[in-house]
Amino acid sequence: MQKSSLFKNIIYKIVLNIFNIIIPILVGPYVYRTLGADSIGKVQTSETIFNYFFIFAVFGIYQYGLREMSRIKDDKIKVNQFFTSMLTLSIGTSIITFVVYLFFSYIGYGEKAIFPVLMMYSVNLIGNIFYVEWVNEAREKYDFITIKTVIIKIIYIALLFTLVKTSSDYKQYAFLLILTTVLNNIVSFIYIKRTIKLDFSNIKIKNHIKPLLLVVIFSNANVLYNQLDRFMLYEVINEASVSYYVMAQQIMGIINTLMLSIIQVTIPRLSYLSGSEDEDSYLILLNNISKIYFAFLFPASIGLFVISDVGILLYGGPKFVSAQSTLAVFAIYMISLGIESILSNQVIYVKKKENVLVKLVLICGILNFILNSALIYMKWFSPTTAILTTAISNFLLVILEYVYIRKYLKVNYNFLNFSKLKYFYYSLLFLPIAYVIRLFVTHYISIFIVTVAVCITVYAAILFITKDEILTMFIDKIKGRFRKPTQS
């Protein structure tokens with residue numbers, strides 16, 4: 001199979017995620033202002049409960065399928081057989097989870113206001129059968145993924161502004177979220193079935209169960225992190241507190257999604273190189289991608305931190321002002337999230353050491369639960385302190401993963417050297433810049449615009465003056481003269 005251009009794939013993925021960023025920016029403020037904290041809290045609480053069951057429906061097939069198919073994508077027969085095995089597993093896990101979910105929702109929430117929304121989310125469990133986007137990613141079909149998603153999102157926007165008009169329309173909002181997901185799955189399934197056939201001649205189920213179980217645990221770390229926070233906030237405080245937490249998480253997610261494009265796109269290529277035992281090429285790509293990623297991660301995180309208060313006002317309005325400190329902590333948490341994504345997805349998982357990853361995730365996840373419980377006991381539990389404990393747990397996870405990679409896997413990867421951390425040092429200039437701007441600018445919209453513009457200008461100027469290799473690489477690539485950064 002002819003390999004797609006990695007740079008082209010990254011561009012497609014970035015275009016897709018820019019579009020996915022524009023959508024929340026356009027509709028997010030409208031949804032939050034129209035529905036309000038209580039109504040949107042019902043949808044987000046229902047989604048949180050649903051996600052616990054969705055884990056078992058998906059059963060790690062996306063991450064596992066992406067890695068394994070990336071290794072065999074040149075063998076058509078193996079591809080057909082592997083796809084058939086994964087589809088069979090998906091059908092079984094989806095149906096079983098669907099039945100258990102209906103029973104649990106009726107027993108636990110049958111008399112509560114969120115029950116109708118929980119029932120609506122059950123449709124996603126059946127739609128999960130057609131969730132085969134991992135095949136397109138493994139085959140690096142990012143052009144199709146981008147075009148398809150853009151079209152479906154446009155349909156979503158049109159229906160959203162048509163159907164969601166008041167705070168009582170939260171069920172319509174939930175319906176549109178579910179419709180978008182199911183439609184996306186079905187279109188991808190139809191596209192894939194044009195080139196991949198079902199082949200039951202050598203179907204394997206049992207052999208995949210153990211590695212899938214490990215993937216289920218490590219790839220759903222949010223169960224013991226963000227999802228745990230949201231569930232405990234609902235049970236201990238109220239639905240509104242969930243909406244404050246989720247709003248901050250979504251704003252962070254808008255930025256984080258764009259940057260994670262770099263990691264998501266390179267997993268198939270890294271898996272391929274690791275599988276072919278081309279260790280030198282693997283390390284070069286890993287280090288180069290890390291530099292590119294950190295060049296965006298650190299300024300985005302520090303930038304979000306300095307505008308967190310005005311960001312909440314712009315996105316949700318005065319009613320959500322309580323989420324300002326929550327967003328500030330989410331900005332710091334995003335740094336740990338980004339580094340952990342590289343260590344877990346591009347090193348430990350690619351090296352097929354997910355059994356170790358599972359243990360590390362569980363240790364830090366349990367720590368998060370203990371810290372949350374302690375906050376509840378001391379009556380200090382809130383959306384802000386909830387994400388603070390998650391950030392602490394995630395930074396510990398980063399440390400443990402890094403030690404394992406260096407000491408036991410013997411992978412010559414170092415994210416603590418100056419070539420990568422210099423972007424963090426540059427970004428710290430945003431702190432005094434933001435402070436000075438607020439001495440002269442008072443209106444929150446003006447603060448946002450001026451701060452973002454000045455910080456971007458200063459950061460770009462530093463990269464240009466220092467002749468930064470990442471900036472040079474992108475300029476040369478645009479001119480058609482790609483020059484790789486040197487490995488460090």
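Glutamate 47 is partly exposed, with a relative accessibility of 26%. For these classes, buried means under 20% relative accessible area, exposed means over 50%, and partly exposed lies in between, using a 1.4 Å probe and protein chains only. This is a predicted model, in which local features need pLDDT of at least 70 and side-chain atom pairs count only at pLDDT 80 or more, while totals for chains, interfaces and linings use all residues. Residues are numbered from 1 along each chain as its sequence is written, and side-chain values use heavy atoms, with hydrogens and water left out.

## Charged pairs

What does the side chain of glutamate 47 meet in a salt bridge? The partner is arginine 230, at 3.2 Å from N to O. A salt bridge here is a side-chain nitrogen of Lys or Arg within 4 Å of a carboxyl oxygen of Asp or Glu. Side chains of opposite charge can pair when their charged atoms come close. Arginine 230 sits in helix α10 (residues 226-236) and glutamate 47 in helix α1 (residues 6-58), so that this pair links distant parts of the chain, 183 residues apart. Arginine 230 is buried, at 5% relative accessible area.

By this rule the count comes to six salt bridges, including the three in this table.

| Pair | N to O distance |
|---|---|
| Arginine 230 and glutamate 47 | 3.2 Å |
| Lysine 148 and glutamate 133 | 2.2 Å |
| Arginine 438 and aspartate 309 | 2.7 Å |

Now take lysine 148 and glutamate 133, whose side chains also meet in a salt bridge. Lysine 148 belongs to helix α7 (residues 142-163) and glutamate 133 to helix α6 (residues 133-138), and the two are 15 residues apart. Are these residues buried or exposed? Both lysine 148 and glutamate 133 are buried.

The pair of arginine 438 and aspartate 309 has its closest N and O atoms 2.7 Å apart. Arginine 438 lies in helix α18 (residues 430-440) and aspartate 309 in helix α13 (residues 308-316), so this salt bridge ties together parts that are 129 residues apart in sequence. Arginine 438 is partly exposed at 28% relative accessibility, and aspartate 309 is partly exposed too, at 23%.

## The whole chain

Which elements make up the fold, and how many are there? The chain has 20 helices and zero strands. Helices (H or I, at least four residues) and strands (E, at least two) are DSSP runs, numbered from the N terminus.

The radius of gyration of the chain is 22 Å, which agrees with the value near 23 Å for a compact globule of 488 residues. That radius is taken over C-alpha atoms, and the globule rule is 2.2 Å times the number of residues to the power 0.38. Along the principal axes, the C-alpha atoms fill a box of roughly 70 × 60 × 45 Å. Of the 488 residues, 55% count as buried.

Contact means heavy atoms within 4.5 Å. Among contacts in the chain with a separation of 6 or more, 83% come from residues 24 or more positions apart.

## Two helices side by side

Helix α2 (residues 61-72) and helix α3 (residues 76-109) pack at an angle of about 170 degrees, with axes 10 Å apart. The axes are lines fitted to C-alpha atoms, for helices over the stretch in contact, and angles run from 0 to 180 degrees between N-to-C directions. Therefore α2 and α3 are roughly antiparallel to each other, a class for angles over 145 degrees. Residues of α2, including Tyr64 and Met69, meet residues of α3, among them Phe82 and Leu89. By class, this contact has nine nonpolar, two polar and two charged residues.

## A few single residues

Asparagine 394 lies in helix α16 (residues 383-407) and is buried, with a relative accessible area of 4%. Leaving aside neighbours within four places in sequence, asparagine 394 is in contact with Tyr225, Tyr333, Ser336, Leu337 and Glu340.

Lysine 379 is in the loop between α15 (354-377) and α16. Lysine 379 has a positive phi of about 60 degrees although it is not a glycine, and is exposed at 74% relative accessible area. Lysine 410, in the loop between α16 and α17 (418-427), has a positive phi near 60 degrees and is exposed at 63% relative accessibility.

Note on methods
Angles under 35 degrees count as roughly parallel, over 145 as roughly antiparallel, 65 to 115 as roughly perpendicular and the rest as oblique. Ala, Val, Leu, Ile, Met, Phe, Trp, Tyr, Cys and Pro count as nonpolar, Asp, Glu, Lys and Arg as charged, and the others, Gly among them, as polar.
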